[in-house]
Amino acid sequence: MTFEQAIERDDVAALCYNVLEYCSVKLGSRLNKLKRDISNNKDKPYINSFLEFAKVDNLDEMDEYDISTICCEYYKKNKNYSTIPEKILGHIKKVGSYTGSVIDFVNCARKEKYKNSFDCIDLHLLDPIFADQPISSWNDIIKKFIRIPKDLEDFKKKCIKNNETKDRLNRIYGGTDTQLDREKNNQLYLHAELNILANIMDQDKGNDEFIAVSKKCCYLCESYIEFVRFKGYKISISGTHKKLYHRWKLPEAFKKEFMEHTLFNLDQIIERGIKQNSSIIAQSDSEGDSADSDIKNYVAIKSMTERAKLKRTNQ
């Protein structure tokens with residue numbers, strides 16, 4: 001079966017719809033970053049080039065499904081152009097990776113040699129798990145490690161002076177003034193690998209399980225998986241990147257034990273970070289290969305996206 005034949009199937013349109021809807025929260029977050037890139041650099045030639053490629057003046061005029069398809073195509077054609085800043089090109093790549101994932105799924109499943117493997121797959125969609133939870137004020141956290149008021153104020157000024165740090169504080173606390181003195185409610189979510197792991201443990205499995213996700217595990221996911229290994233679960237993962245996320249949610253299983261085990265390590269990480277006062281440029285935690293698909297027939301891909309949008313409308 002050719003890719004063009006496969007892409008016309010109703011189940012492929014359903015797959016496209018399910019992937020994009022299931023990932024809609026993360027897709028929306030990444031799309032917002034791209035929109036900020038465009039807004040902050042609207043007079044740059046590479047932004048004009050991207051908008052001309054998308055045939056719009058504003059991404060708000062486009063459906064998210066279409067934007068993912070456009071980004072997938074644009075990245076493939078422009079990934080080696082040095083005039084586009086790496087950060088912005090990375091955001092385009094990530095937005096396009098959702099359509100790219102569907103392309104890769106279809107391109108793999110249509111091949112005869114994988115037919116038996118796909119025939120044996122049982123697909124289970126796990127509901128995302130969210131929780132609203134207050135987080136301590138930034139000042140209260142840092143005061144544990146910097147007890148002299150003047151030193152605390154100097155450290156705060158350095159953090160706010162760094163644009164990347166200031167942007168993150170704005171996202172977490174809603175500002176960098178009095179907002180840093182107050183607790184803030186944030187929506188936490190269970191990362192995909194821990195959602196899968198929780199499902200494995202609920203089914204009393206875990207004798208020899210491999211968890212594959214689209215990005216490497218963060219520091220806390222890695223720590224939790226290491227912890228449950230000590231509990232007897234044989235869990236393998238594809239890699240880690242050591243980054244920390246403020247909206248990370250802890251699974252219910254072994255919750256108290258894990259917190260007692262991990263809080264000391266986290267305090268040490270915070271203390272080292274404060275002492276070093278270093279600016280760390282975070283590497284991408286996502287391989288992102290899906291946006292670099294070899295499929296060239298974007299007419300067929302756009303047809304698939306249109307039928308996926310129709311399924312969404314009919315839901």
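The bend at a residue is the angle between two axes, one fitted to the seven residues ending there and the other to the seven starting there. The exercises below concern a predicted model, in which local features need pLDDT of at least 70, side-chain atom pairs count only at pLDDT 80 or more, and totals for chains, interfaces and linings use all residues. Residues are numbered from 1 along each chain as its sequence is written, and side-chain values use heavy atoms, with hydrogens and water left out.

**Exercise 1. Overall description**

Task: State how many helices and strands the protein has, and describe its extent, burial, surface and charge.

Solution:
Step 1. Helices (H or I, at least four residues) and strands (E, at least two) are DSSP runs, numbered from the N terminus. The protein has 14 helices and 4 strands.
Step 2. Along the principal axes, the C-alpha atoms fill a box of roughly 70 × 55 × 35 Å.
Step 3. A residue is buried under 20% relative accessible area, exposed over 50%, and partly exposed in between (1.4 Å probe, protein chains only). By this criterion, 39% of the 315 residues are buried.
Step 4. Accessible areas come from the Shrake-Rupley method with a 1.4 Å probe, and for residues only the protein chains shown count as cover. The accessible surface comes to about 19,200 Å², and carbon and sulfur atoms hold 48% of it.
Step 5. Lys and Arg count as positive and Asp and Glu as negative, while His and the chain ends are not counted. Each charge is placed at NZ of Lys, CZ of Arg, CG of Asp or CD of Glu. There are 52 positive and 49 negative side chains, and the centres of the two sets lie 4 Å apart.
Step 6. A contact means heavy atoms within 4.5 Å. Of the contacts between residues at least 6 apart in sequence, 76% join residues at least 24 apart.

**Exercise 2. Helix H13**

Task: Compare the expected span of H13 with the distance between its end C-alpha atoms, then locate its kink and its packing partners.

Solution:
Step 1. The expected span of a helix is 1.5 Å times one less than its number of residues.
Step 2. H13 covers residues 255-276, and because it has 22 residues it should span 32 Å; the end C-alpha atoms are 31 Å apart, in agreement.
Step 3. A kink of about 35° is centred on Thr262.
Step 4. Thr262 is itself buried, as are Phe258, Leu266 and Ile274.
Step 5. The buried residues of H13 pack against helix H8 (138-143), helix H9 (149-161) and helix H12 (219-230).

**Exercise 3. Helices H3 and H5**

Task: Determine the spans of H3 and H5, and list their buried residues.

Solution:
Step 1. H3 (residues 24-40) has 17 residues, so the expected span is 24 Å, and its end C-alpha atoms are 24 Å apart.
Step 2. In H3, burial applies to Leu27, Gly28, Arg30, Leu31, Leu34, Asp37 and Ile38. These buried residues pack against helix H2 (10-22), helix H4 (45-54), helix H5 (64-78) and helix H6 (86-109).
Step 3. The 15 residues of H5 should span 21 Å, and the end C-alpha atoms, 20 Å apart, agree with this.
Step 4. H5 is mostly covered, with 12 of its 15 residues buried. Among them are Tyr65, Asp66, Glu73 and Asn78.
Step 5. Cys72 lies in H5 and counts as buried because its relative accessibility is 0%. Its C-alpha atom is separated by 14 Å from that of Leu51, 21 residues apart along the chain.

**Exercise 4. Individual residues**

Task: Classify Lys55, Lys242, Gln133 and Glu306 as buried, partly exposed or exposed, and add a geometric property of each.

Solution:
Step 1. Lys55, in the loop between H4 and H5, is exposed because its relative accessibility is 74%. Its phi is positive, about 60°, although Lys55 is not a glycine.
Step 2. Lys242 sits in the loop between strand S4 (235-237) and H13. At 51% relative accessible area, Lys242 is exposed, and its phi, near 70°, is likewise a positive value in a residue other than glycine.
Step 3. Gln133 belongs to strand S1 (residues 130-135) and is partly exposed at 38%. Its C-alpha atom and that of Arg247 are separated by 9.2 Å, with the two positions 114 residues apart along the chain. Leaving aside neighbours within four places in sequence, Gln133 is in contact with Lys184, Asn185, Asn186 and Leu188.
Step 4. Glu306 is in helix H14 (residues 298-314) and, at 42% relative accessibility, is partly exposed. The C-alpha atoms of Glu306 and Ile225, 81 residues apart along the chain, are separated by 40 Å.
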